[in-house]
Amino acid sequence: TFAIREIAPRLPSFMEKHPALRVELLADDLRQNFVNEGIDVGLRFGSLPDSTAVARRIAAWPRVVVASPAYLKRSGVPQTPADLAAHSVIVGPSRLGPVWTFRKDGKVTSVRVGGRLTATVNEVATSAAVAGLGLASMAIVGCRSEIEKRSLVRVLPDWDMGAVELHAVFPDGRGAKPSARAFADFLIAESTSWSVAEDRA
């Protein structure tokens, strides 16, 4: 999703600045072995495991809960995390699993959620939420366009689900190529354009 929505549209600008550069963009939700596959720089979401790899933080976005206006009209708007137990939830593709944790005013609340769809790709969860199948949780950048178009709206906006970080990770055992460092620099500069103009339920 991120490669399609955010990286590919920005590649012309990056490549115009580096006309001699050829780019091979591997868009895959699986974790590749960077060294074995000859990858110069990878983008990874979430906490990074302990590693000898060099990484640079690109950006961080809040994790949000969203639903379509049609779903909320039909099923009601959750007012507290506990209300989610009575709602249809699209589970995945994050590592949240069936238990979602929220924080507010120093208190932590966890709720077990469930639904009829588990998705392994963010684009599927987003599309299903737009279609009215239920509530979904993801980094706000994963549904930025839908929020701005009002095909999805945030629910429980005053509750904190933490942030999803994006890192540029350079492979083990070798220094980062100048082109890889330039790409990370480019994304850091571009990260200011990933803000979301949103309405809330």
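These legends go with a set of close-up views of a predicted model.

**View 1. Arg5 and Glu123 bring two helices together.** Here you're looking at a salt bridge between Arg5 and Glu123, with the closest N and O atoms 3.0 Å apart. Arg5 sits in helix α1 (residues 2–7) and Glu123 in helix α4 (residues 122–130), so this pair ties together parts that are 118 residues apart in sequence. Is Glu123 buried or exposed? Somewhere in between: Glu123 counts as partly exposed, because its relative accessibility is 28%. This pair belongs to a set of eight salt bridges in the model.

**View 2. Arg10 reaches across to Glu190.** In this salt bridge, the closest N and O atoms of Arg10 and Glu190 are 2.8 Å apart. The pair links distant parts of the chain: Arg10 is in the loop between α1 and α2 (11–17), while Glu190 belongs to helix α6 (residues 178–190), 180 residues apart. Arg10 has a relative accessibility of 12%, so it counts as buried. Glu190, at 23%, counts as partly exposed. If you pull the view back a little, look for the rest of the group.

**View 3. Glu165 and Arg57 pair up between two strands.** What separates the closest N and O atoms of Glu165 and Arg57? The gap is 3.2 Å, and the two residues form a salt bridge. Glu165 is in strand β9 (residues 163–170) and Arg57 in strand β2 (residues 54–67), so the pair ties together parts that are 108 residues apart in sequence. Both ends get the partly exposed label: Glu165 has a relative accessible area of 29%, and Arg57 has one of 47%. Back at the other pairs, salt bridges with shared partners join Glu6, Arg10, Arg144 and Glu190 into one network.

**View 4. His167 and its surroundings.** His167 is a residue of strand β9. Its relative accessible area is 10%, so His167 is buried. Which residues does His167 touch, setting aside those up to four places away in sequence? The list is Gly42, Leu43, Arg44, Gly46, Leu48, Ala55, Arg56, Arg57 and Ile58. You've already met Arg57 as the salt-bridge partner of Glu165.

**View 5. Ser191, just past the helix.** Ser191 is found in the segment after α6. With a relative accessible area of 18%, Ser191 is buried, because the cut-off for that label is under 20%. Follow its side chain and you'll get to the backbone oxygen of Ile188, at 2.7 Å. Leaving out neighbours within four places in sequence, Ser191 is in contact with Ile58 and Ala59.

**View 6. Helix α6 and what it packs against.** At 1.5 Å a residue, the 13 residues of α6 should span 18 Å, and the end C-alpha atoms are indeed 18 Å apart. Which residues of α6 are buried? They are Ala180, Ala182, Phe183, Ala184, Phe186 and Leu187. Spacing along a helix is worth keeping in mind here: an α-helix has 3.6 residues a turn, so residues three or four places apart point the same way. The buried residues of α6 pack against α1, α2, β1 (42–45), β2 and β9.

**View 7. Phe14 up against α6.** Phe14 lies in helix α2 and counts as buried, at 2% relative accessibility. Its contacts, leaving aside neighbours within four places in sequence, are Leu21, Ser179, Ala182, Phe183 and Phe186. Phe14 and Leu187 are 173 residues apart in sequence, and their C-alpha atoms are 9.2 Å apart in space.

**View 8. Aromatic pairs.** How many aromatic pairs does the structure hold? It holds six. Take Phe2 and Trp61: their ring centres are 5.8 Å apart and their planes are at 55°, so the pair is tilted. Phe2 lies in helix α1 and Trp61 in strand β2, so this pair ties together parts that are 59 residues apart in sequence. Both Phe2 and Trp61 are buried. For Phe14 and Phe186, the ring centres are 5.2 Å apart and the planes are at 45°, so this pair is tilted as well. Phe14 is in helix α2 and Phe186 in helix α6, so the pair ties together parts that are 172 residues apart in sequence. Phe14 and Phe186 are both buried. Last stop in this view: Phe2, Phe45 and Trp61 form one aromatic cluster.

How values were computed. Residues are numbered from 1 along each chain as its sequence is written. This is a predicted model: local features need pLDDT of at least 70, side-chain atom pairs count only at pLDDT 80 or more; totals for chains, interfaces and linings use all residues. Side-chain values use heavy atoms; hydrogens and water are left out. A salt bridge is a side-chain nitrogen of Lys or Arg within 4 Å of a carboxyl oxygen of Asp or Glu. Helices (H or I, at least four residues) and strands (E, at least two) are DSSP runs, numbered from the N terminus. Buried means under 20% relative accessible area, exposed over 50%, partly exposed in between (1.4 Å probe, protein chains only). Contact means heavy atoms within 4.5 Å. A polar contact is a pair of N or O atoms within 3.5 Å; within protein, one must be able to donate a hydrogen and the other to accept it, and residues adjacent in sequence count only if both atoms are side-chain atoms. The expected span of a helix is 1.5 Å times one less than its number of residues. Rings of Phe, Tyr and Trp (its six-membered ring) pair if their centres lie within 6.5 Å; planes under 30 degrees apart count as stacked, over 60 as edge-to-face and the rest as tilted.
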